[in-house]
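Here's a quick briefing to read with the model open. Grab your viewer and follow along, topic by topic.

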Amino acid sequence: MEIKPFSIPSLTEKQTSDLRYHLQKAEFSTEFDTEVGWDYGAPRSAVEPLVKAWADNFNWEKSREEMNHWHHYHTEIKGLNIHFVHELSSKDNAIPILLLHGWPSTFYEFHKIIEPLRDGVHNGQNFHVIVPSLPGYGFSDAPKKTGYGVAEIGDTMNTLMIKLGYKKYMVFGSDWGSVIGQWMGAHRSENCKSLVMTLPLISPPTPTFKNIVFRPIKVAKLLASAVIGFDAVYGAGAVRIVGKSFVDVENNSDAGYRCIQSTRPFTLDYGLNNSPVGLLAWLLEKYHAWTHHPSEPNNALPETISQNEFLTQLTIFWMTKSIGSSIRLYYEAIQGKEIDIISSTIVKIPCGISYSKYEISLLPQEWLTTTLNVKQYNVHGVGGHFASLEVGDLVIRDIQSFAKKVTPQQFA
């Protein structure tokens, strides 16, 4: 049950020399005579400058210094050494909040919002902020058994909060963190008392017997949208889906990574763990495609995510050799049917939705209320999938405004 202090380590001499060797010896793709942008994946024009920056300009010690301003710990839960940040507020009415990241990300995704949430910026609610590295990500151990998916991670996160003395707490989740939060809200509601998400996972109101009986108007609108389109029924841009299924590559060209990660993660791991250039390109494609580029859409990264922020996330994956174990979550969730189960499971605790306009999926509030107890629903006109990096202040304001709807007394 011991909780041990931890510091983000330096790169070893071997890690530094190996990384620089691979980056300096990089071979780049032979491309077409004509410019095709990002249609075929991450182009050389985007990858090569970042490879050079990682090799010659990136300073891990500067990132390490920033991260070590926070209080880091390790503790063992169910046989795994779990890393987490724990920042205590000085306020008596502070609410414990668990920040859960997803893929391709790490705990560092929240570096812009940890201290403002702790300190109650904007004269808003203060929080005791807990930021774990998910099992298999970064400085947390990788699962040692098959089947360690969303439910196992959710139970581990709940155990962590109880171990820290928080029997009642709030969750904020992005990407997989949203899905894990939904599981916790449904199955650990005696502890997880409220939930804010950037990417909720639910099933649309299809014409099942239950929906036809209890939600006939929602069913009728969905059927009408199949004929005249989502925009005509729900409003322009109100609905964005990732295909007919989670791995529907025929209808969503972005789904290819989900197909391979949810079927052959071991095979992919060899290429990504042994090639920092391959790892960079694999992650860069998502940091480009899933973000909001307000002025220069062809830039590798949006203005809101710095080169240093991207390379810090990348270096965490590289130095811990955790990319392979991180993508195994896709296999466990898909092969274990967790996506199907969670998307149709009722969550009764209060839920808040913090959407960015350019998130990979947008669902109307009337769909979400079929399974979620939605108390706050915001769609911001800026930002994308990595909202805490892109539009951190809007995320902070959404969390704080939601906290007013779930008073601190609920967490006493």
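Lysine 144 makes a salt bridge to aspartate 141, with 3.8 Å between the closest N and O atoms. Keep in mind that this is a predicted model. Below, the charged contacts come before the sheet, and a nonpolar patch closes the tour.

**Salt bridges**

- Across the whole structure, a search turns up 16 salt bridges.
- In the pair of lysine 144 and aspartate 141, the lysine is exposed, at 66% relative accessible area, while aspartate 141 is partly exposed at 28%.
- Lysine 145 has a salt bridge of its own, to glutamate 152, and here the closest N and O atoms are 3.2 Å apart.
- Lysine 145 has a relative accessibility of 48%, so it counts as partly exposed; glutamate 152, at 22%, is partly exposed too.
- That pair belongs to a wider network of salt bridges that links Lys78, Lys145, Glu152, Asp155 and Arg188.
- Over in helix H2 (residues 44-56), aspartate 56 and lysine 52 sit four residues apart, which is about one turn of the helix.
- These two also form a salt bridge, with their closest N and O atoms at 3.1 Å.
- Lysine 52 is exposed, with 53% relative accessible area, whereas aspartate 56 comes out partly exposed at 44%.

**The sheet as a whole**

- Nine strands make up an open sheet with mixed pairing, in the order E1-E2-E3-E5-E4-E6-E7-E8-E9.
- At the edges you'll find strand E1 (3-6) and strand E9 (372-380), each of which pairs on one side only.
- On average, neighbouring strands of this sheet are turned by 25° against each other, ignoring direction.
- Edge strand E9 runs parallel to strand E8 (residues 347-356), and the two pair over eight bridges.
- To find your way along that pairing, look for isoleucine 353, which stands opposite tyrosine 377 in E9.

**Strand E5 and its neighbours**

- In the strand order, E5 sits between E3 and E4.
- With strand E3 (residues 80-87), E5 pairs in the antiparallel sense over four bridges; histidine 86 has isoleucine 130 of E5 as its bridge partner.
- With strand E4 (residues 95-100), E5 pairs in the parallel sense, again over four bridges, and isoleucine 95 is placed opposite phenylalanine 127 of E5.
- E4 and E5 also join helix H4 (residues 114-119) in a right-handed β-α-β unit.

**How covered is E5?**

- Is strand E5 (residues 127-132) enclosed or open? Six of its six residues are buried, so the strand is largely enclosed by the rest of the structure.
- In a regular strand, side chains alternate between the two faces of the sheet.
- In E5, Phe127, Val129 and Val131 point one way, and His128, Ile130 and Pro132 point the other way.
- Both sets are buried, and that includes isoleucine 130, the bridge partner of histidine 86.

**A nonpolar patch on the surface**

- Phe209, Val213 and Phe214 come together as a nonpolar surface patch, and their accessible area adds up to about 400 Å².
- Phenylalanine 214 is part of helix H7 (residues 209-214).
- Is phenylalanine 214 buried or exposed? Its relative accessible area is 63%, and the cut-off for exposed is over 50%, so phenylalanine 214 counts as exposed.

Terms used. Residues are numbered from 1 along each chain as its sequence is written. This is a predicted model: local features need pLDDT of at least 70, side-chain atom pairs count only at pLDDT 80 or more; totals for chains, interfaces and linings use all residues. Side-chain values use heavy atoms; hydrogens and water are left out. Buried means under 20% relative accessible area, exposed over 50%, partly exposed in between (1.4 Å probe, protein chains only). Two strands pair if DSSP finds at least two bridges between them. A crossover is right-handed if, with the strands pointing away from the viewer, the path from the first strand over the helix to the second runs clockwise. Patches are made of residues with over 30% relative accessible area and no salt bridge: like charges are joined within 9 Å, nonpolar side chains (Val, Leu, Ile, Met, Phe, Trp, Tyr) within 5 Å. Accessible areas come from the Shrake-Rupley method with a 1.4 Å probe; for residues, only the protein chains shown count as cover. A salt bridge is a side-chain nitrogen of Lys or Arg within 4 Å of a carboxyl oxygen of Asp or Glu. Axes are lines fitted to C-alpha atoms, for helices over the stretch in contact, and angles run from 0 to 180 degrees between N-to-C directions.
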